[in-house]
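Biologist: I would like to learn how to read a structure, one feature at a time. Could we start with the neighbours of a single residue?

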Amino acid sequence: MVDRIMKVNAFTTLDLLDGEAEGHGFEEEAYAVLNVTSPRKNPDHVSLQLELDNTQLEHLQPHADTVRLSADEARQLATDLEDHADKVEQAQE
């Protein structure tokens, strides 16, 4: 991605995903980067970051979205992801 906001390297959680942006009157698809981090010193939250490749977008300005999660919220998200992954795997069998 050109003009990237997030740092993407070998430690990035997931890169080159299929991403979508939906707004009032538009839908766009673009490659995306998804990363999960926490502060190195005295971690007090988990950050979930998402950035769509702005070279493929017409309606959105370059940006990255970040959600700050508590440890409990991060665990709930992980549980929900596991549940939905199981559901998808079962449907594909």
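Modeller: This is a predicted model. To read a neighbourhood, skip the residues up to four places away in sequence and list what remains in contact; for Ala30 that list is Leu17, Asp18, Gly19, Leu52, Asp53, Gln56 and Leu57.

Biologist: Which residues make up the largest nonpolar core?

Modeller: The general idea comes before the case. In soluble globular proteins, nonpolar side chains tend to be buried together. Here the largest nonpolar core has five residues: Ala21, Ala30, Ala32, Leu52 and Leu57. Two of these, Leu52 and Leu57, are also among the residues that Ala30 touches.

Biologist: What pattern does the chain follow along the sequence?

Modeller: The pattern is β-β-β-β-α, which comes to four strands and one helix. The C-alpha atoms fill a box of roughly 45 × 35 × 30 Å along the principal axes.

Biologist: How many of the 93 residues are buried, as a percentage?

Modeller: Buried residues make up 20% of the chain. The chain exposes about 7,500 Å², and carbon and sulfur atoms supply 48% of that area.

Biologist: What share of the contacts with a separation of 6 or more joins residues 24 or more positions apart?

Modeller: That share is 38%.

Biologist: Now single residues. Is Thr12 buried or exposed?

Modeller: Read the relative accessible area against the cut-off. Thr12 has 11% relative accessibility, so it counts as buried, because buried means under 20%. Thr12 is placed in the segment before E1. Leaving aside neighbours within four places in sequence, Thr12 is in contact with Lys7, Val33, Leu34 and Asn35. Thr12 and Val33 are 21 residues apart along the chain, and their C-alpha atoms are separated by 8.1 Å.

Biologist: And is Glu51 buried or exposed?

Modeller: Glu51 is buried, with a relative accessible area of 1%. Its place is in strand E3. The C-alpha atoms of Glu51 and Thr66 are separated by 8.9 Å, with their positions 15 residues apart along the chain.

Biologist: Which residues is Glu29 in contact with, leaving aside its neighbours within four places in sequence?

Modeller: Glu29 is in contact with Gly19, Glu20 and Gln56. Glu29 is in strand E2 and is exposed, with a relative accessible area of 61%. For a pair with a longer stretch of chain between them, take Glu29 and Asp80: they are 51 residues apart along the chain, and their C-alpha atoms are separated by 24 Å.

Biologist: Where does Gln56 lie?

Modeller: Gln56 is in the loop between E3 and strand E4, which covers residues 64–69. Gln56 is partly exposed, at 35% relative accessible area. Its contacts, again without neighbours within four places in sequence, are Glu28, Glu29, Ala30 and Tyr31. The C-alpha atoms of Gln56 and Val88, 32 residues apart along the chain, are separated by 28 Å.

Biologist: Next, charges. How many salt bridges does a search of the whole structure find?

Modeller: Side chains of opposite charge can pair when their charged atoms come close. In this structure the search finds one salt bridge. The side chains of Arg75 and Asp72 meet in a salt bridge, at 4.0 Å from N to O. Both residues lie in helix H1, residues 71–92, three residues apart, which is about one turn of the helix.

Biologist: Are these two residues buried or exposed?

Modeller: Arg75 is exposed, with a relative accessible area of 56%, and Asp72 is exposed as well, at 60%. Over the whole chain there are 7 positive and 21 negative charges, and the mean positions of the two sets are 15 Å apart.

Biologist: The last feature is the backbone angle phi. Which value does Leu16 have?

Modeller: Most residues other than glycine have a negative phi, and most peptide bonds are trans. Leu16 has a positive phi near 60° and is not a glycine. Leu16 is found in strand E1, residues 14–23, and is exposed, with a relative accessible area of 61%.

Biologist: What is the phi of Asn42, and where does Asn42 lie?

Modeller: Asn42 has a positive phi of about 50°, although it is not a glycine. Asn42 lies in the loop between strand E2 (26–37) and strand E3 (46–52). Asn42 is exposed, with a relative accessible area of 72%.

Notes. Residues are numbered from 1 along each chain as its sequence is written. This is a predicted model: local features need pLDDT of at least 70, side-chain atom pairs count only at pLDDT 80 or more; totals for chains, interfaces and linings use all residues. Side-chain values use heavy atoms; hydrogens and water are left out. A nonpolar core is a set of buried Ala, Val, Leu, Ile, Met, Phe, Trp, Tyr and Cys residues joined through side-chain atoms within 4.5 Å. Buried means under 20% relative accessible area, exposed over 50%, partly exposed in between (1.4 Å probe, protein chains only). Contact means heavy atoms within 4.5 Å. Helices (H or I, at least four residues) and strands (E, at least two) are DSSP runs, numbered from the N terminus. Accessible areas come from the Shrake-Rupley method with a 1.4 Å probe; for residues, only the protein chains shown count as cover. Lys and Arg count as positive and Asp and Glu as negative; His and the chain ends are not counted. The place of a charge is taken as NZ of Lys, CZ of Arg, CG of Asp or CD of Glu.
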